[in-house]
Amino acid sequence: SFVDVCDTIVEPTVVATQATNVIGRAWFHPMYDTDAVGHSKVIAGHAIPHKMVEGFMKSLHLSGGKDGVGLLEYDELVEANNRVRRTPHATINILRRSQLSAAGEYEKGLGEKQP
């Protein structure tokens with residue numbers, strides 16, 4: 001499967017060549033399914049686990065004073081989280097570490113708006 005290719009060939013190759021400091025990875029697939037990955041923590045290349053996203057969303061709602069009003073149901077959140085990694089074709093996005101660092105610096109400037 002696509003996940004197997006990413007996790008058992010691509011990712012170990014990136015690690016073995018010590019390229020993790022140079023590039024970031026993101027996997028995309030027309031039928032991407034976070035549950036099929038079977039992870040409960042952040043794994044390089046994959047979408048954030050649903051339960052982590054649910055925690056971010058609840059935190060944002062509470063800090064925004066919305067007290068859960070308008071919060072997505074869990075099944076809606078799962079579908080939205082999977083769609084973030086869906087593309088028309090299987091894709092491996094290779095990102096320069098400088099791009100990731102710039103995004104991280106930008107996020108720091110968001111303050112409380114940051115997930």
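Visitor: Which residue forms a salt bridge with arginine 86, and how far apart are the closest N and O atoms?

Guide: First the rule: a salt bridge is a side-chain nitrogen of Lys or Arg within 4 Å of a carboxyl oxygen of Asp or Glu. Here, arginine 86 pairs with glutamate 79, and the closest N and O atoms are 3.2 Å apart. This is a predicted model: local features need pLDDT of at least 70, side-chain atom pairs count only at pLDDT 80 or more, and totals for chains, interfaces and linings use all residues. Residues are numbered from 1 along each chain as its sequence is written, and side-chain values use heavy atoms, with hydrogens and water left out.

Visitor: Are arginine 86 and glutamate 79 buried, partly exposed or exposed?

Guide: The classes rest on relative accessible area: buried is under 20%, exposed is over 50%, and partly exposed lies in between (1.4 Å probe, protein chains only). Arginine 86 counts as partly exposed, at 29%. Glutamate 79 is partly exposed too, at 31%.

Visitor: How many salt bridges does the structure hold?

Guide: There are 5. One of them joins arginine 25 to glutamate 11, at 2.6 Å from N to O. This pair links distant parts of the chain: arginine 25 sits in strand β1 and glutamate 11 in helix α1, 14 residues apart. Both arginine 25 and glutamate 11 are buried.

Visitor: What does a salt bridge inside one helix look like, as with lysine 58 and glutamate 54?

Guide: Helices are DSSP runs of H or I with at least four residues, strands are runs of E with at least two, and both are numbered from the N terminus. Lysine 58 and glutamate 54 lie in helix α3 (residues 50-63), 4 residues apart, about one turn of the helix. Their closest N and O atoms are 3.8 Å apart. Lysine 58 is partly exposed at 41%, whereas glutamate 54 counts as buried at 16%. A network of salt bridges links these two with Lys51.

Visitor: How many helices and strands are there, and in what pattern?

Guide: The protein chain has 5 helices and 2 strands. Along the sequence they run α-β-α-α-α-β-α.

Visitor: How does the reach of α1 stand against the expected value?

Guide: The expected span is 1.5 Å times one less than the number of residues. Helix α1 covers residues 2-16, 15 in number. From first C-alpha to last, α1 reaches 20 Å, close to the expected 21 Å.

Visitor: Where does α1 kink?

Guide: The bend at a residue is the angle between axes fitted to the seven residues ending there and the seven starting there. In α1 the kink is about 25 degrees, at valine 10, shortly before proline 12.

Visitor: Which residues of α1 are buried, and what covers them?

Guide: Phe2, Cys6, Val10, Glu11 and Val14 are buried. The cover includes β1 (23-28) and β2 (91-96). As for contact, the test is heavy atoms within 4.5 Å. Cysteine 6, neighbours within four places in sequence aside, is in contact with Glu11, Pro12, Trp27 and Ile92.

Visitor: Which residues make up the largest nonpolar core?

Guide: In soluble globular proteins, nonpolar side chains tend to be buried together. A nonpolar core is a set of buried Ala, Val, Leu, Ile, Met, Phe, Trp, Tyr and Cys residues joined through side-chain atoms within 4.5 Å. The largest here has 7 residues: Phe2, Cys6, Val10, Val14, Ala19, Ile23 and Trp27. α1 and β1 each supply at least two of them. α1 gives the most, with 4.

Visitor: What is the phi of glutamine 18, and where is its place?

Guide: Phi is near 55 degrees, a positive value in a residue other than glycine. Glutamine 18 is in the loop between α1 and β1. At 66% relative accessibility, glutamine 18 counts as exposed.

Visitor: What does the side chain of asparagine 82 lie 2.8 Å from?

Guide: A polar contact is a pair of N or O atoms within 3.5 Å; within protein, one must be able to donate a hydrogen and the other to accept it, and residues adjacent in sequence count only if both atoms are side-chain atoms. Here a polar atom of the asparagine 82 side chain lies 2.8 Å from the backbone nitrogen of threonine 34. Asparagine 82 belongs to helix α4 (residues 74-83) and is buried, at 4%. Beyond neighbours within four places in sequence, asparagine 82 is in contact with Tyr32, Asp33, Thr34 and His50.
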